[in-house]
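Visitor: I am new to this structure and would like a close look at a single part of it. Could you take me slowly through one strand and its surroundings, and then set another strand beside it?

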Amino acid sequence: MARFAQYYLRYDLTDLFARELMAERQKFFGSYFENNDSLEFSHGEGEEKKVFKHQVYHLALNRNIIVMRIANDKKKTVEQDFKEVDVKHEPSCFVVIDNRDKCRRIAIQKKKAFGSTKALAEILASQISDRMKCDCNISIELLPQFYPK
């Protein structure tokens, strides 16, 4: 059975112009997950930039519940013909985003694809926050939810 870490999405509305589009913040957030090409998830700059492959799915009953699968490119050392060889390894994990009204939960699968769920949460938050800051002057934070409700 898969295990998930829960995160809470907090919108930062401290920008002076953020108040104008505050009511539409969930619509902006959901628009970044319309399809696989809506948003690029990456880490680093220049030659060190690493782009993560991802696929986005929507629940048939409610399109505001988004299931995303994101992969991390790694190299893994294996032994072939008595020699150690580095091979490309792309482990993935699931991210479930609940973007319904008054519900701002994000669940990240606990898997070794990324070092920790916190590392993936920081990548997601930085990319989404940068895009939202440009589009509507609202940024986001993903905060771990230690005590489930």
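Guide: What follows is a walk around strand β9, with a look at strand β7 afterwards.

This is a predicted model, in which local features need pLDDT of at least 70 and side-chain atom pairs count only at pLDDT 80 or more, while totals for chains, interfaces and linings use all residues. Residues are numbered from 1 along each chain as its sequence is written, and side-chain values use heavy atoms, with hydrogens and water left out.

Strand β9 covers residues 105-109, where a strand is a DSSP run of E with at least two residues, numbered from the N terminus. Four of its five residues are buried, so that β9 is mostly covered; buried means under 20% relative accessible area, with a 1.4 Å probe and protein chains only. Strand β1, residues 4-12, pairs with β9 in the antiparallel sense over five bridges, pairing being counted if DSSP finds at least two bridges between two strands. Within β9, I106 stands opposite Y7. Strand β8, residues 92-98, also pairs with β9 in the antiparallel sense, here over four bridges, and V96 stands opposite A107 in β9. The hairpin of β8 and β9 has six residues between the strands, and in this hairpin K102 takes a positive phi near 60°.

Strand β7, residues 83-89, is hardly covered, since the count of buried residues among its seven residues is zero. Strand β6, residues 74-80, runs antiparallel to β7 and is joined to it by seven bridges, with K88 in β7 as the bridge partner of K75. Two residues lie between the strands in the hairpin of β6 and β7, where D81 takes a positive phi near 50°.

Technical notes:
Buried means under 20% relative accessible area, exposed over 50%, partly exposed in between (1.4 Å probe, protein chains only).
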